[in-house]
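Me: I'm new to reading protein structures and would love a close look at one part of this one. Could you take the charged pairs as the main topic, and then show me the metal site as well?

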Amino acid sequence: MTATPRTTTPVYQGIPERRPLHPPYPLALGPEAVELTGPVFGPAEVAEDEADLTNRHPGQPLGERITVSGRVTDRQGCPVRGQLVELWQANAAGRYTHRQDGHQAPLDPNFTGTGRCLTDDQGRYRFTTIRPGAYPLPGQTAWRPAHLHFSLFGSAFTQRLVTQMYFPGDPLLAYDSIWNTIPDARARQALVAAYAPELGEPDRSLGYRWDVVLDGPAATWTEGSR
Ligand code: FE
């Protein structure tokens, strides 16, 4: 089988539409430059209502409504703008909408447990959701504390961060085998949100603040190595 030529040529008489009309673009970015750039997202990719996990179904999900918000910054404390923040979590009973979740707790037909948003010009993100329930580790009596899973894209691929946010005062935290794998006490505490009533919505949700630093010495702990 003959490969399609990289440029148009009178020698090749194949399907004309498959022939590029222009020579290949020279690769302007070296590998290092590629590492220093990241994916670009915009309103076309992420709808505003995707940040509200309680409105994804006709009915209201069970559980305590919460608003989680914070700033995403780089090592200099500068806001990381327009970047994708993704959130996934268990429902109020501690069950994920996932076929591999074998926990006996019930599914909630009005809660899927995924959301996403873009950071604003100050690097802020904001989600409305429900507080997830704790769940047992398979085959054990140990239960995971309530937590939200987060993925953040920075402005460079080296800033990509996947981690978990916890709730203040959770008695299960001290026993959590995953939280306790983080050797540095400061890094562990940085994953615990602060109760922030001013971030809540009146008559609707409790507010929590959780800030994220994408790189540098004070970087938020991330799953896996950088
Ligand atoms: Fe989890």
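**Charged pairs, then the metal**

Reply: Let's start with a pair you can pick out by eye: Asp184 and Arg186, whose side chains meet in a salt bridge at 3.6 Å from N to O. Keep in mind that this is a predicted model. The basic idea is simple: side chains of opposite charge can pair when their charged atoms come close. As for how much of this pair is open to the outside, Asp184 is partly exposed, with a relative accessible area of 36%. Arg186 is partly exposed too, at 41%.

Zooming out for a moment, a search of the whole structure turns up 9 salt bridges. One of them links Arg116 and Glu50, with the closest N and O atoms 2.6 Å apart. Arg116 sits in strand β3 (residues 114-118) and Glu50 in the loop between α1 (31-35) and β1 (65-73), so this pair ties together parts that are 66 residues apart in sequence. Now, are these two partners buried or exposed? Arg116 has 26% relative accessibility, which puts it in the partly exposed group. Glu50 has 15% and counts as buried, because the cut-off for buried is under 20% relative accessible area.

Next, find Glu201 and Arg204. They form a salt bridge as well, and here the closest N and O atoms are 3.5 Å apart. Glu201 is partly exposed at 25% relative accessible area, and Arg204 also counts as partly exposed, at 31%. This pair has company: salt bridges that share partners join Asp52, Glu201 and Arg204 into one network.

Now for the metal. Which residues hold the iron ion? The iron ion is coordinated by Tyr96 and Tyr135 through their OH atoms, and by His147 and His149 through their NE2 atoms, at 1.9 to 2.2 Å. If you follow the chain, the donors are spaced as Y-x38-Y-x11-H-x1-H. Both of the histidines, His147 and His149, are buried.

What about the geometry around the iron ion? The 4 donor atoms subtend angles of 88 to 160°, and that makes the arrangement irregular. Here is the reasoning: four donors count as tetrahedral if all angles lie between 85 and 135 degrees, so the 160° at the upper end of the range rules that label out.

To trace all this on screen, try going from Asp184 and Arg186 to Arg116 and Glu50, then to the network with Asp52, and finish at the iron ion with Tyr96, Tyr135, His147 and His149.

How values were computed:
Residues are numbered from 1 along each chain as its sequence is written. This is a predicted model: local features need pLDDT of at least 70, side-chain atom pairs count only at pLDDT 80 or more; totals for chains, interfaces and linings use all residues. Side-chain values use heavy atoms; hydrogens and water are left out. A salt bridge is a side-chain nitrogen of Lys or Arg within 4 Å of a carboxyl oxygen of Asp or Glu. Helices (H or I, at least four residues) and strands (E, at least two) are DSSP runs, numbered from the N terminus. Buried means under 20% relative accessible area, exposed over 50%, partly exposed in between (1.4 Å probe, protein chains only). Donors are N, O and S atoms within 2.8 Å of the metal (3.2 Å for Na, K and Ca); water is not among the atoms, so sites may look incomplete. Four donors count as tetrahedral if all angles lie between 85 and 135 degrees; four count as square planar and six as octahedral if opposite donors are over 155 degrees apart and all others between 65 and 115; anything else is irregular.
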